[in-house]
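Subject: Handover of the two-chain model

Dear colleague,

I am passing on the structure we spoke about, and below it you will find my notes on what came out of going through it. Please read them with the coordinates open beside you.

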Amino acid sequence: MTSANAPQPPSPPAPSSPGGNGLVKLTRKDFQSKSEVRWCPGCGDYAVLATVQRLMPELGVPRENMVFVSGIGCSSRFPYYMETYGMHTVHGRAPALATGLKVARPDLDVWVITGDGDSLAIGGNHTLHMLRRNPTLKVLLFNNRIYGLTKGQYSPSSEQGKVSKSSPMGAVDYPINPLQFALGCQASFIARAVDVDKGLYEVLQKAHAHKGTAYVEILQNCVVFNDGAWFDIRDNKDTKPKAQLILVDKQPMLFDGGKKGIGFDRATMKPFVIDLAAEPGRANEVLVHDETDPSGSMAHVLAGMSYPEFPVPLGVLRRHTRATYEDMVWAQNKKAAEKGVGDLQKLIYSGDLWDVK
Amino acid sequence: MVSRVDTPSDKPPKKPVVETKKSVVIRFAGDSGDGMQLTGTEFTRAVAIAGNDIATFPDYPAEIRAPVGTLAGVSGYQLHFSSEAIHTPGDAPDVLVVMNPAALKRSLAELPRGGMIIANSGAFTDANLQKVGYQKNPLEDGSLEGYRVFAVDMQAHCKNALEGMAGIDFKEVSRSKNMWALGLMYWLFNRPVDKQLEWLKDKFKKNPAILEANLRVFKAGHAFGDTVELFHETYQVDSAPMEAGTYRNVMGNQMTALGLATAAVKAGLPMFFGAYPITPASDVLHNIAKFKNYGVTTFQAEDEIAAMCSAIGAAYGGVLGVTCTSGPGFALKLEAMGLAVMMELPVVIIDVQRAGPSTGLPTKTEQSDLLQALYGRNGDSPLAVIAAQSPVDCFATAIEAVRIATKYMTPVVVLTDGYIANGAEPWKLPDVEKDIPPIEVKFRTDPNGYQVYGRDPQTLARAWVRPGTPKMEHRVGGLEKDFLTGMVSYDNVNHQKMVDVRADKVLRMRQDISASVVDGAQEGDLLVVGWGGTYGALKQSVQRLAASGKKIGHLHLRWLNPLPGDLEAVFARFKKVIVCELNGTSKSGGQLWRHLRAELLVPALHYTKVQGTPFTTAELGAAFEAVLRGEPAPSSLKV
């Protein structure tokens, strides 16, 4: 019986382990692999990659304990560019591979890179089950509302009427809202950020600190096939302040330079915009964000808000701690181990036995 | 002759004569809700412990509860037990225990004249007779002339036995008649009842009322045989001359699970078992879920694809990845299996085959996933395929799969089938230290000179590196990789080199295949070739003909990919080769036949059957004799 076989989840190596990187302060460059990055010039993916590579040395996790897992699509090339462990897998299935990896190796820091086609169309089912199970995975959903790698078909998050190669008369499909979907799947952490904004860094930091599945929608621009998909929220300096509601925990939900706030009408159960410039006396009606509210009811309201009726909430919408999948699985494994570990004699010589002399 | 005695006679009973038989085949048949599988397994346990060699064939409908009393709802359990070594559950029953008219109708054609029928006459009501198209009651109209029929109203006897018991309703009375039948079988075959009473006490220890009911009814069935003068003889089947050792009675799916857990311990490697429920494979998941203290983590995935993918994810993490399914689920896993081929990770995929295509016959056996396993992926995607030949052999096959997967860094497909998955036989327990060698697994931790697709010169396996190992961070994935560095490569010549090396790696496994062993004649007129769960029937049929002087041999293949390297030489020793399998058609041939012809250009004959049931030795014997006479093998439909 080797100790490797005992039902103990492998523990992370000590930061000072010989040959490890724990004590050496790494930099962004240490996370850049030798693979040449091959996204289109101007693609929003570059910004995300740069942010992630900047964040990595700050997380206090040895580089060798990081694994990036992706499916198929433009964004799914991401792991090749990270000087960490990584897998570029099957279309839509990254959550399933990552769940298997995380359960088998809870000591690893596992990230999932996916896109709107990958995780909301072909991989929708795995996304659902990952979220409800709540393994500790950091999921980065690159939402550009288009199929890029197959050269421009409408995706599950494309707006209705989207004219694309496969929808010359406009898509008739009604789009999915990823964060509403995630909440419906009991997601314990949901957040949203814009690929090129600095808010992404902080969101990813918080996602990393979360125990459980952290689901981050990144509004990402496909410069070739869907340029300007997030124009008002991302590119247009005039609309951006009105289109973005930057959420800060325990702070009032203010936007447009503090001139507007979000209120909630209890009679109709709907949010509304308060123009504080016109009605400064209504400041007390502005909602205070509470990302850890266990009920998650305000997260549902926030997730449903879209521009131009409302600003689009950015930052952490919900952060709720509940037991992680890998912890619960290993709790059972450990409980089972109380019966004695790996005794083959006991395994084989059980049941109704008889002897032949 | 129909004997009908519903009340014990007042006269002191005459002791029946005890007749010794070499082998008996009993079939229990009744409605899905009649508990026939339980009766069958309980009686199997009794005869196994008494030292008989056994083979069983549970045959049940896909519906949990088909409409009561219909042909569709008949559930059967056939048990062959013997004082000699046996390899099949028997072509035809000697004793048929039927709980209703539907069960009689379904099984009668297979019962030879002179066979015994024990019928629950209480269920032969007008309504039940009509449901299956009997105009008259066959127990009364003389149509069963030539059989030995014992018509007993089991339900009435159960009711008497339970009279006065509080808390027992009509439903429980009705449900207990299988125990009554079991009690009668214990008497008829002279089995000591003590063990059975112990098992019942253990099984129902949480429910004293139900326990009491079962004990009363079982004893009543036993006493019935003793007190009525219905049976003129009882039977004795002596214990079989089995090798000395400790035995237990096992089923194939259980052995697959035991084999996997054993392999995990022997490899000193944690195992991740991801699966999605599917008939007839779910019992592997059920069994292995109890082995968490053997380093096995089980994961019930959201679908077949996730089950496969989670196993691959675990394998990348340095944990042995295993998944288990049946044909339709296997089809769903194929794309991800291609990823495992590309990433060269050790994963074991178990396919408990059932009759297809599509949903097919979920509870019936077939061997029709061979081509799917060999060729069912996009691109040139070779992997190891091995098959288990009996319930007990599932154990060794599962261990072999783990050994090959880790040695060659490759997915391995294990093919079993519904017949051996649910069939039972005695297992002579191995010495866990001496009989099961350790499985050597190496992880590379030295970053000096590490190349992601650098290969062991002997096995062509790339190194297994666990994430968490410093300075060896690397990426794998579905895109073609450079022959050495593992970087994404679109180079045309590199792709051909990679296709070649993936194929060569599988061929290298021949160094792990022992020389082919032929049973029966070592050369001569006819070589019978089979694979998987047909082993017992082929062996018995060939042995019978070989014993009568025919120059016939039997070769059973465990390795389907790669094929053993010595097959051409073995085939050359025989004038004719016939490939027998449970798939294909008499016109198009079977799947192994096709594979062997393609690989070896052997002008083999074929014999195929797809009726959801195993081969019978009778039909095989007739086919082989025809071929030996120089005639074409008859269709399995006509035998």
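**A buried strand in chain B**

In strand 11 of chain B, the side chains of B:Met271, B:Phe273 and B:Ala275 point one way while those of B:Phe272 and B:Gly274 point the other way, and all of these residues are buried. Please keep in mind throughout that this is a predicted model. Since 5 of the 5 residues of strand 11 (residues 271–275) of chain B are buried, this strand is largely enclosed by the rest of the structure.

Strand 11 of chain B is joined by 5 bridges to strand 12 (residues 296–300) of chain B, and the two run parallel. Within that pairing, B:Phe273 has B:Thr298 of strand 12 of chain B as its bridge partner. The connection between the two strands passes from strand 11 through helix 10 (residues 282–288) of chain B to strand 12, and this β-α-β crossover is right-handed. Strand 13 (residues 320–325) of chain B is likewise joined to strand 11 of chain B by 5 bridges, again in a parallel arrangement, and here B:Gly274 stands opposite B:Thr323.

**A sheet shared by the two chains**

Which strands make up the open sheet of 3 strands, and in what order? The order is 14(A)-10(B)-17(B), with antiparallel pairing, so written that the letter in brackets gives the chain. The edge positions are taken by strand 14 (353–356) of chain A and strand 17 (424–428) of chain B, each of which pairs on one side only. On average, and with direction ignored, neighbouring strands of this sheet are turned by 35 degrees against each other.

The pairing across the chain boundary consists of 4 bridges between strand 14 of chain A and strand 10 of chain B, which run antiparallel, and in it A:Val356 has B:Gly245 as its bridge partner. The pairing within chain B, between strand 10 (residues 245–251) and strand 17, is also antiparallel and extends over 5 bridges, with B:Arg248 standing opposite B:Trp427 of strand 17. Helix 1 (residues 36–49) of chain B lies across strand 14 of chain A together with strand 10 and strand 17 of chain B, and it runs at about 165 degrees to strand 10 of chain B.

**The contact between the chains**

Beyond the shared sheet, the contact as a whole takes 60 residues from chain A and 62 residues from chain B. On the side of chain A that touches chain B, at least two residues each are supplied by strand 2 (85–88), helix 2 (94–104), helix 4 (124–133), helix 10 (325–337), helix 11 (344–348) and strand 14 of chain A. The largest share of that side, 8 residues, comes from helix 2 of chain A. Sorted by class, the side of chain A that touches chain B has 28 nonpolar, 22 polar and 10 charged residues.

**Chain B as a whole**

The secondary structure of chain B comes to 20 helices and 24 strands. A compact globule of 639 residues would have a radius of gyration near 26 Å, and the 27 Å computed for chain B agrees with this. Along the principal axes, the C-alpha atoms of chain B fill a box of roughly 90 × 60 × 45 Å. Of the 639 residues of chain B, 55% count as buried, and among contacts in chain B between residues at least 6 apart in sequence, 77% join residues at least 24 apart.

**Backbone details to look at**

There is a cis peptide bond from A:Tyr307 to A:Pro308, with omega near 10 degrees, and A:Pro308 sits in the loop between helix 9 (297–303) and strand 13 (312–319) of chain A. In chain B, the peptide bond from B:Gly356 to B:Pro357 is cis as well, with omega near 5 degrees, and B:Pro357 is found in the loop between strand 14 (347–353) and helix 13 (370–375) of chain B.

Is B:Leu601 buried or exposed? With 9 C-beta neighbours inside 10 Å, B:Leu601 counts as exposed; this residue lies in the loop between helix 19 (591–600) and strand 24 (605–608) of chain B, and its phi is near 55 degrees, a positive value in a residue other than glycine. For B:Lys471, phi is near 60 degrees, which is also positive in a residue other than glycine, and B:Lys471 counts as partly exposed, with 14 C-beta neighbours inside 10 Å.

With kind regards

Conventions. Residues are numbered from 1 along each chain as its sequence is written. Chains are lettered from A and ligands numbered from 1 in the order in which they are written. This is a predicted model: local features need pLDDT of at least 70, side-chain atom pairs count only at pLDDT 80 or more; totals for chains, interfaces and linings use all residues. Two strands pair if DSSP finds at least two bridges between them. Axes are lines fitted to C-alpha atoms, for helices over the stretch in contact, and angles run from 0 to 180 degrees between N-to-C directions. Two residues are in contact if their C-beta atoms, placed from the backbone, lie within 7 Å. A residue is buried if 20 or more other C-beta atoms lie within 10 Å of its own, exposed if 12 or fewer, and partly exposed in between; C-beta atoms are placed from the backbone. A crossover is right-handed if, with the strands pointing away from the viewer, the path from the first strand over the helix to the second runs clockwise. Ala, Val, Leu, Ile, Met, Phe, Trp, Tyr, Cys and Pro count as nonpolar, Asp, Glu, Lys and Arg as charged, and the others, Gly among them, as polar. The radius of gyration is taken over C-alpha atoms; the globule rule is 2.2 Å times the number of residues to the power 0.38.
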